[in-house]
Amino acid sequence: MSTEPIACQHILDVKELKLAKEYVCEECIQSGSTWLHLRTCQTCGVTLCCDSSPNKHATKHFYRTGHPVVISAEPGEQWLWCYADSSFAEY
Ligand SMILES: [Zn+2]
Ligand SMILES: [Zn+2]
Ligand SMILES: [Zn+2]
């Protein structure tokens, strides 16, 4: 029995990480909102705010676009998350 988390296929398909270009939520900055943590979409490279932020832009982005995988854009955090499968992996 292994307790290792199994990354889903979406995460396995990410060959080259898209890193945050700027350390801001691209949607919050336009509406003048604030955010807590940042996530970067691995399909289109947009950086948006996490579920602990008031606007939850990264989750909304997934529901709108179907882009499943984000990475944490927080310094020192090295993990991927797939919204479609609730799959988590460190890198
Ligand atoms: Zn997945
Ligand atoms: Zn935001
Ligand atoms: Zn995207």
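Is Glu27 buried, exposed or partly exposed? In this predicted model, Glu27 has a relative accessible area of 27% and is therefore partly exposed, since that class covers the values between the 20% limit for buried residues and the 50% limit for exposed ones. Glu27 is also a partner in a salt bridge with Arg64, in which the closest N and O atoms are 3.2 Å apart. The two residues bring distant parts of the chain together, with Glu27 in the loop between H1 and H2 and Arg64 in helix H3, 37 residues apart. Arg64, with a relative accessible area of 55%, is exposed, and the count of salt bridges comes to one. As a general matter, side chains of opposite charge can pair when their charged atoms come close.

The wider setting of this contact can be taken from the record. UniProt, in an unreviewed entry, places the feature "domain: UBP-type" at residues 6-91. Over residues 6-91 the chain is 20% helix and 22% strand, and the C-alpha atoms at the two ends are 13 Å apart.

The zinc sites can be followed in turn, beginning with ligand 1. The zinc ion (ligand 1) is coordinated by Cys8 through SG, His10 through ND1, Cys82 through SG and Asp85 through OD, at 1.9 to 2.3 Å. Along the chain these donors follow the spacing C-x1-H-x71-C-x2-D. The angles among the four donor atoms run from 96 to 125°, and the site of the zinc ion (ligand 1) is tetrahedral; the limits for that label are 85 and 135 degrees, so this range falls under it. For four tetrahedral donors the ideal angle at a metal is 109.5 degrees. Two of the donor residues can be described by their cover from the protein: Cys82 is buried, with a relative accessible area of 0%, whereas Asp85, at 42% relative accessibility, counts as partly exposed.

The zinc ion (ligand 2) is held by Cys25, Cys28 and Cys49, each through SG, and by His57 through ND1, at 2.0 to 2.3 Å. Its four donor atoms make angles of 104 to 119°, and the site is tetrahedral. The spacing of the donors along the chain is C-x2-C-x20-C-x7-H. Within this set, Cys28 in helix H2 and Cys49 in strand E2 link distant parts of the chain, being 21 residues apart. Cys28 is buried because its relative accessibility is 0%, and Cys49 likewise counts as buried at 0%.

For the zinc ion (ligand 3), the protein donors are Cys41 (SG), Cys44 (SG), His61 (NE2) and His67 (ND1), which lie 2.0 to 2.3 Å from the ion. Because the four donor atoms subtend angles of 102 to 116°, the arrangement is tetrahedral. In sequence the donor residues are spaced C-x2-C-x16-H-x5-H. Here the link between distant parts of the chain is made by Cys44, in the loop between strand E1 (38-41) and strand E2 (47-49), and His67, in the loop between helix H3 (57-65) and strand E3 (69-72), 23 residues apart. Cys44 is partly exposed, with a relative accessible area of 39%, whereas His67 is buried, because its relative accessible area is 19% and the limit for that class is 20%.

Two loop residues deserve a look at the backbone. Most residues other than glycine have a negative phi. Lys56, however, has a phi near 45°, a positive value in a residue other than glycine, and is found in the loop between E2 and H3; at 37% relative accessibility Lys56 counts as partly exposed. Ser86 also has a positive phi, near 50°, and lies in the loop between strand E4 (79-82) and strand E5 (87-90). At 52% relative accessibility, Ser86 counts as exposed.

Which residues make the nonpolar surface patch? Leu17, Leu19 and Tyr91 make this patch, which covers about 280 Å². Leu17 has its place in the loop between helix H1 (9-12) and helix H2 (28-31). With a relative accessible area of 32%, Leu17 is partly exposed, and because patch residues need over 30%, this value is enough for Leu17 to be included.

Notes. Residues are numbered from 1 along each chain as its sequence is written. Chains are lettered from A and ligands numbered from 1 in the order in which they are written. This is a predicted model: local features need pLDDT of at least 70, side-chain atom pairs count only at pLDDT 80 or more; totals for chains, interfaces and linings use all residues. Side-chain values use heavy atoms; hydrogens and water are left out. Patches are made of residues with over 30% relative accessible area and no salt bridge: like charges are joined within 9 Å, nonpolar side chains (Val, Leu, Ile, Met, Phe, Trp, Tyr) within 5 Å. Accessible areas come from the Shrake-Rupley method with a 1.4 Å probe; for residues, only the protein chains shown count as cover. A salt bridge is a side-chain nitrogen of Lys or Arg within 4 Å of a carboxyl oxygen of Asp or Glu. Helices (H or I, at least four residues) and strands (E, at least two) are DSSP runs, numbered from the N terminus. Buried means under 20% relative accessible area, exposed over 50%, partly exposed in between (1.4 Å probe, protein chains only). Donors are N, O and S atoms within 2.8 Å of the metal (3.2 Å for Na, K and Ca); water is not among the atoms, so sites may look incomplete. Four donors count as tetrahedral if all angles lie between 85 and 135 degrees; four count as square planar and six as octahedral if opposite donors are over 155 degrees apart and all others between 65 and 115; anything else is irregular. UniProt positions are given in the numbering used here, feature names are shortened, and annotations may be inferred rather than shown by experiment.
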